[in-house]
Amino acid sequence: QVQLVESGGGLVQTGGSLRLSCAASGGTVSRYAMGWFRRAPGKEREIVAGISKSGMSTYYVDSVKGRFTISRDNARNTLYLQMNSLKPEDTAVYYCAANPTPYTYAISKDRDEYDYWGQGTQVTVSS
């Protein structure tokens, strides 16, 4: 069973940048498609970005396209989310998650297909 720990959150001004990391232990992250989700106050948890096991396929929700970049370093067992041009509406708790899909290029947007979750890291963007 893989354990996931996020880091890199914090307080940033509008237009600023943050880089989130998700370190995996207890398992090989290359076996999982990975995703970043977020939950803003009063809202449902939503997918922000996803990446296939190989890293060859990525997905972004429309609101972050062109601003966020998901990547993975399977050798380091780590997932990243580079967030640029941050906006107040990006304020949320960000979670990384692992999906044990057998498919090399698959990405799931359905949070129910992710079996393992980190504890979350708070991102706050001030206006």
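Is Tyr-94 buried or exposed, and what is its relative accessibility? I begin with that residue, and I should say at once that we are looking at a predicted model. Tyr-94 has a relative accessibility of 0%, and because buried means under 20%, this residue counts as buried.

Let me place that residue for those of you who are new to the structure. Tyr-94 sits in strand β9, which covers residues 92–99. Setting aside the neighbours within four places in sequence, the residues in contact with Tyr-94 include Glu-6, Leu-20 and Phe-37 from earlier in the chain, as well as Gly-120, Thr-121 and Val-123. Also among its contacts are Val-48, Phe-68, Leu-81 and Met-83. Arg-38 is another of these contacts, and here the side chains of Tyr-94 and Arg-38 make a polar contact at 2.9 Å. As for distances along the chain, Ala-40 is 54 residues from Tyr-94 in sequence, while the two C-alpha atoms are 8.8 Å apart in space.

Staying with strand β9, I turn to the cysteines. How many disulfides does the count come to? The count comes to 1 disulfide, and that disulfide joins Cys-22 to Cys-96, with an S to S distance of 2.0 Å. The two partners come from distant parts of the chain, since Cys-22 belongs to strand β3, residues 18–25, whereas Cys-96 belongs to strand β9, and 74 residues separate them. In general terms, a disulfide is a covalent bond between the sulfur atoms of two cysteines. The link between Cys-22 and Cys-96 is right-handed, with 55 degrees about the S-S bond, and both Cys-22 and Cys-96 are buried.

My last topic is the backbone, and in particular two residues in loops. Most residues other than glycine have a negative phi. Asn-77, however, is not a glycine and has a positive phi of about 55 degrees, and Ser-85, also a residue other than glycine, has a positive phi near 50 degrees. Where do these two residues lie, Asn-77 and Ser-85? Asn-77 is found in the loop between β7, residues 68–73, and β8, residues 78–83, while Ser-85 is found in the loop between β8 and β9.

Their surroundings can be described by accessibility as well. Asn-77 has a relative accessible area of 16%, and because the limit for buried is under 20%, Asn-77 is buried. Ser-85 has a relative accessible area of 41%, and therefore, lying between 20% and 50%, Ser-85 is partly exposed.

Terms used
Residues are numbered from 1 along each chain as its sequence is written. This is a predicted model: local features need pLDDT of at least 70, side-chain atom pairs count only at pLDDT 80 or more; totals for chains, interfaces and linings use all residues. Side-chain values use heavy atoms; hydrogens and water are left out. Helices (H or I, at least four residues) and strands (E, at least two) are DSSP runs, numbered from the N terminus. Buried means under 20% relative accessible area, exposed over 50%, partly exposed in between (1.4 Å probe, protein chains only). Contact means heavy atoms within 4.5 Å. A polar contact is a pair of N or O atoms within 3.5 Å; within protein, one must be able to donate a hydrogen and the other to accept it, and residues adjacent in sequence count only if both atoms are side-chain atoms. A disulfide is a pair of cysteine sulfur atoms within 2.5 Å.
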